[in-house]
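This report introduces one protein structure to a reader who has not met it before. The sequence and the three-dimensional view come first, and the description follows.

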Amino acid sequence: MPISLESPVYLVGFDYPSFDKISNYAWFRFHYRVLEGTEISLGGEHYRNYFADRFTVSAQLKQNLNKELYLFGGHQREWDLLNKGRGYPNPIPLQEAYFGMGYDAAPGLMIEGRVVRPLGQGDFSKIGFDGFKTRVEMGTRIKF
């Protein structure tokens, strides 16, 4: 839903179609425009397959530099819902801070890059990043 002057609040999200009984990926983000060009948001993400079940909650601040370019940063907590036999769910979430830049390349197409840094000592790590600390993530998002 596009933001308007009458509505400073909007919700975006997506749920991949289910291809089997176990796997699923879904996310949502609730946005609130604080000032012109500045917004805060709260979001969640759920990722599940045969080897992992994770849930992430994040808070983010986004600042538009112009119509296409923006900066963002925030904090996220991730819970390991499988937790490898140590109790369900993991009571100590993985905490990370992140910052990055995004570009609205075309209507409905965004390109983003961000640097993510773990905070404190978690007893698990991001899937595929065992032993890594700071990482760089690049991605695109298509709205339709």
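## Overall architecture

Two residues are in contact when heavy atoms of theirs lie within 4.5 Å. In the protein, 40% of the contacts with a separation of 6 or more are between residues 24 or more positions apart. The structure is a predicted model.

The protein has zero helices and eight strands, and its pattern along the sequence is β-β-β-β-β-β-β-β. The C-alpha trace spans about 50 × 35 × 25 Å along its principal axes.

## Surface, burial and charge

The protein consists of 144 residues, of which 30% count as buried. About 9,600 Å² of the protein is exposed, and 63% of that area is supplied by carbon and sulfur atoms.

The charged residues comprise 17 positive and 16 negative charges. The mean positions of these two groups are 3 Å apart.

## Salt bridges

Side chains of opposite charge can pair when their charged atoms come close. The count for this structure comes to six salt bridges. One of the salt bridges joins the side chains of arginine 54 and aspartate 80, with an N to O distance of 3.7 Å. Arginine 54 belongs to strand S4 (residues 53–64) and aspartate 80 to strand S5 (residues 69–80), so the pair ties together parts that are 26 residues apart in sequence. Arginine 54 and aspartate 80 are both buried. Another salt bridge is formed by the side chains of lysine 126 and glutamate 78, at 2.4 Å from N to O. Lysine 126 is placed in the loop between strand S7 (109–119) and S8, whereas glutamate 78 is in strand S5, so this pair ties together parts 48 residues apart in sequence. Lysine 126 is buried, as is glutamate 78.

A further salt bridge brings together the side chains of arginine 114 and glutamate 137, with 2.8 Å from N to O. This pair links distant parts of the chain, with arginine 114 in strand S7 and glutamate 137 in strand S8, 23 residues apart. Glutamate 137 has a relative accessible area of 22%, so it counts as partly exposed; the limit for a buried residue is under 20%. Salt bridges with shared partners join Arg54, Glu78, Asp80 and Lys126 into one network.

## Aromatic rings

A pair of aromatic rings is described by the distance of the centres and the angle of the planes. The structure holds two aromatic pairs. In the pair of tyrosine 70 and phenylalanine 72, the ring centres are 6.2 Å apart and the planes stand at 40 degrees, so the pair is tilted. Tyrosine 70 and phenylalanine 72 are both buried. In the pair of phenylalanine 72 and tyrosine 98, the centres are 6.2 Å apart and the planes stand at 55 degrees, so this pair is also tilted. Planes under 30 degrees apart would count as stacked and those over 60 as edge-to-face.

The pair of phenylalanine 72 and tyrosine 98 links distant parts of the chain: phenylalanine 72 is in strand S5 and tyrosine 98 in strand S6 (residues 94–106), 26 residues apart. Phenylalanine 72 counts as buried because its relative accessibility is 6%. Tyrosine 98 is likewise buried, with a relative accessible area of 3%. Tyr70, Phe72 and Tyr98 form one aromatic cluster.

## Two individual residues

Asparagine 24 is located in strand S2 (residues 24–35). Its relative accessibility is 18%, so asparagine 24 counts as buried. Leaving aside residues up to four places away in sequence, asparagine 24 touches Asp15, Tyr16, Ser18, His46, Tyr47 and Arg48.

Glycine 139 is part of strand S8 (residues 135–142). With a relative accessible area of 32%, glycine 139 is partly exposed. When residues up to four places away in sequence are not counted, glycine 139 touches Met110, Ile111 and Glu112. The C-alpha atoms of glycine 139 and tryptophan 27 are separated by 15 Å, and the two residues are 112 residues apart along the chain.

How values were computed
Residues numbered from 1 in each chain as written. Predicted model: local features only at pLDDT ≥ 70, side-chain atom pairs only at ≥ 80, totals over all residues. Heavy atoms only, no water. Helix = DSSP H or I, 4+ residues; strand = E, 2+ residues; numbered from the N terminus. Buried < 20%, exposed > 50% of the residue type's maximum accessible area, 1.4 Å probe, protein only. Areas by Shrake-Rupley, 256 points an atom, 1.4 Å probe, with all protein chains shown as cover. Lys, Arg positive; Asp, Glu negative; His and termini not counted. Charge placed at Lys NZ, Arg CZ, Asp CG, Glu CD. Salt bridge = Lys/Arg side-chain N within 4 Å of Asp/Glu carboxyl O. Phe/Tyr/Trp six-rings, centres within 6.5 Å; stacked < 30°, edge-to-face > 60°.
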